[in-house]
Amino acid sequence: MNKIAIIGFTNLYQMPYMKYYTDLFDKKKTNYEVIYWNRFDIDEKNEFKSNNTFRFDLSLEDDSSISNKLKAFLKYRKFLKNHI
C-alpha cells in the first residue's frame, strides 16, 4: 500500500498550496498524512481530512543565526525521520 505524506517546513498559514493538494486528495478519497513545522508557536486550526497530522513545535524566528537555524532544522529532520 502506498503512503502519501505532505511535508511543510513552516506554519500552515504560510503554505497556501497545502489546502489545494489536501483538497485534491480528499476529493479522490486518498489517504495521506500532513507533517509540518510550527515555527512561530501558533495554535492553528487543522481542517485536513488526513489520517494523521503531525506538528513539530519548535519556535524559530526568521532573523535567527545560521547556526540556530541549522540546529533547528536537524531537529526537524529527526522528527521527520521518526514519522516517515
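This is a short tour of the sheet and helices in a predicted model.

**Stop 1: the sheet**

Select E1, E2 and E3. They form an open sheet of three strands in the order E1-E2-E3, with parallel pairing. E1 and E3 are the edge strands; each has a single partner strand, so one side of each lacks a neighbour in the sheet. From one strand to the next, the twist averages 15°.

**Stop 2: strand E2**

Now select residues 33-38, strand E2. Is E2 mostly covered or mostly open? Mostly covered: five of its six residues are buried.

Look at its pairings. Three bridges join E2 to E1 (residues 5-7), and the two run parallel. Six bridges join E2 to E3 (residues 52-57), again in parallel.

Pick Glu33 and follow its partners across the sheet. Towards E1, Glu33 is the bridge partner of Ala5. Towards E3, the bridge partner of Glu33 is Asn52. Then move along to Tyr36, which stands opposite Arg55 in E3.

A point to keep in view while stepping along a strand: in a regular strand, side chains alternate between the two faces of the sheet.

**Stop 3: helix H1**

Select residues 16-27, helix H1. Together, E1, H1 and E2 make a right-handed β-α-β unit.

Which residues of H1 are buried? Show Met18, Thr22 and Phe25: these are buried. They cover an arc of only 55° around the axis, which places them on the same side of H1. The spacing fits a general rule: an α-helix has 3.6 residues a turn, so residues three or four places apart point the same way.

What covers these buried residues? The cover includes E1 and E2.

Rotate to the face of H1 turned away from its buried side. The exposed residues Pro16, Tyr17 and Lys27 are there. Step just past the end of H1 to Lys29, which takes a positive phi of about 55°.

**Stop 4: helices against the sheet**

Bring the sheet back into view. Tyr36 and Arg55, opposite each other, make a handy landmark. H1 packs on the sheet, touching E1 and E2. The direction of H1 makes about 175° with that of E1.

Finish with residues 66-83, helix H2. H2 also packs on the sheet, where it touches E1, E2 and E3. What angle does the direction of H2 make with that of E2? About 160°.

How values were computed: Residues numbered from 1 in each chain as written. Predicted model: local features only at pLDDT ≥ 70, side-chain atom pairs only at ≥ 80, totals over all residues. Heavy atoms only, no water. Buried < 20%, exposed > 50% of the residue type's maximum accessible area, 1.4 Å probe, protein only. Helix = DSSP H or I, 4+ residues; strand = E, 2+ residues; numbered from the N terminus. Pairing = 2+ DSSP bridges. Right-handed = clockwise from strand over helix to strand, strands pointing away. Arc of directions from axis to C-beta. Contact = heavy atoms within 4.5 Å. Axes fitted to C-alpha atoms, helices over the stretch in contact; angles between N-to-C directions.
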